[in-house]
Amino acid sequence: MGYYQKRTSPDLMDGIAVFVSNQRFNVANIEYIKFGEVLKDDRHNVAILVTLQCVITKQFIVVSNTHLLWNPKRGDIKINQLDVLFNRIENILKLRRITHSSLIMTGDFNISVNSYIYNYIINGRTAKPSIPLHLMSGQKQSSTNDKSSSTQFPQKFHSFSLKSAYHPHHDKDGDFISTYHHDGYSLVDFIFYGSLQSEQTLLECVKVLKPPPIISLSQLPNDRFPSDHLPQIAYFGFTSETTSSL
């Protein structure tokens, strides 16, 4: 079974989806988010939240897929979009009175590893003091001639304890990328997982798919890869307190 959300602009054909195995999970809740409507701006970015219950262990998992704003100079908008996403997930858990739930967040976040926004996702709070908006996502390097805004951004918090499924490779293996365009290759897509900070994480990443070596790639898309992004695949299992894998 699949759930799809197109980006909100009539001129854009792409979107995001979440697919679920009915043999492994029951779908408890589905929510579609249009960030432009929530934040009252003209951005066309979207997200899907699917709350699942494992038919074997009865454990709940909230799975989100999103495509955040691309603009490297507007890290503030990306954080606001994430803020909406985190708040919606927390509200779902509260309204449905779900405890000990796991969270998997996937998508094109348009950020780089160890950037200001990446660390916000991992650490549960933005650093203080903040940095210029055009440096928050890590897509744009600082320049002495750059006149982009350096307005102080209010500190943000979220209630989850997360890490990247690919985090063991981020610092030691530069081959882990997810897109390769005319302006170079980068890792902008992520699979984050974890739980509420107040609860023990019951989910563990068993293994991930390693992408093809950079040396073997040409710019995307090409005759081998029809998308401008490479797939990321992670296998998860419940910890020893439960009895199943995903």
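Q: Which strand supplies the largest share of the lining of the largest pocket?
A: This is a predicted model, where local features need pLDDT of at least 70, side-chain atom pairs count only at pLDDT 80 or more, and totals for chains, interfaces and linings use all residues. Residues are numbered from 1 along each chain as its sequence is written, and side-chain values use heavy atoms, without hydrogens or water. A pocket is an open set of 1 Å grid points over the protein atoms alone, with protein on both sides within 12 Å along at least five of seven lines; lining residues have an atom within 4 Å of a point. Six lining residues come from one strand (a DSSP E run of at least two residues, numbered from the N terminus), namely strand 5.

Q: What volume does the largest pocket have?
A: Its lining counts 35 residues, and the closest to its centre are Ala17, Asn65, Thr106, Ile191 and Gln232. Strand 2 (15-19), strand 5, strand 6, strand 10 and strand 12 (234-238) each give two or more residues to that lining. The space in this pocket comes to about 1,000 Å³.

Q: How many charged residues line the largest pocket?
A: Nonpolar means Ala, Val, Leu, Ile, Met, Phe, Trp, Tyr, Cys and Pro; charged means Asp, Glu, Lys and Arg; the others are polar. The lining has 19 nonpolar and eleven polar residues. The charged ones number five.

Q: Which strand gives the most to the lining of the second largest pocket?
A: This pocket has a volume of about 530 Å³. Of its 22 lining residues, the closest to the centre are Trp70, Gln139, Asp183, Ser186 and Val188. By class, seven are nonpolar, eleven polar and four charged. With three residues, the top contributor is strand 9.

Q: Which helix gives the most to the largest nonpolar core?
A: A nonpolar core joins buried (under 20% relative accessible area, 1.4 Å probe) nonpolar residues, Pro left out, through side-chain atoms within 4.5 Å. This core has 34 residues, and Leu82, Phe86, Met105, Phe109, Ile121 and Phe160 touch the most other members. Helix 3 (116-123) and strand 7 (160-164) are among the elements that supply at least two residues. Eight residues come from helix 2.

Q: Is Cys54 buried or exposed?
A: Cys54 belongs to another core, of 23 residues, which also includes Val18, Val20 and Leu52. Cys205, at 21% relative accessible area, is partly exposed. Cys54 has 1% relative accessibility, so it counts as buried.

Q: What share of the 246 residues is buried?
A: The chain has four helices and twelve strands. Its buried share is 48%.

Notes
Buried < 20%, exposed > 50% of the residue type's maximum accessible area, 1.4 Å probe, protein only. 1 Å grid on protein atoms, 1.4 Å probe; cavity = no way out; pocket = protein on both sides within 12 Å on 5 of 7 lines; lining within 4 Å. Points joined across faces, edges and corners; volume = space filled by probe spheres on them.
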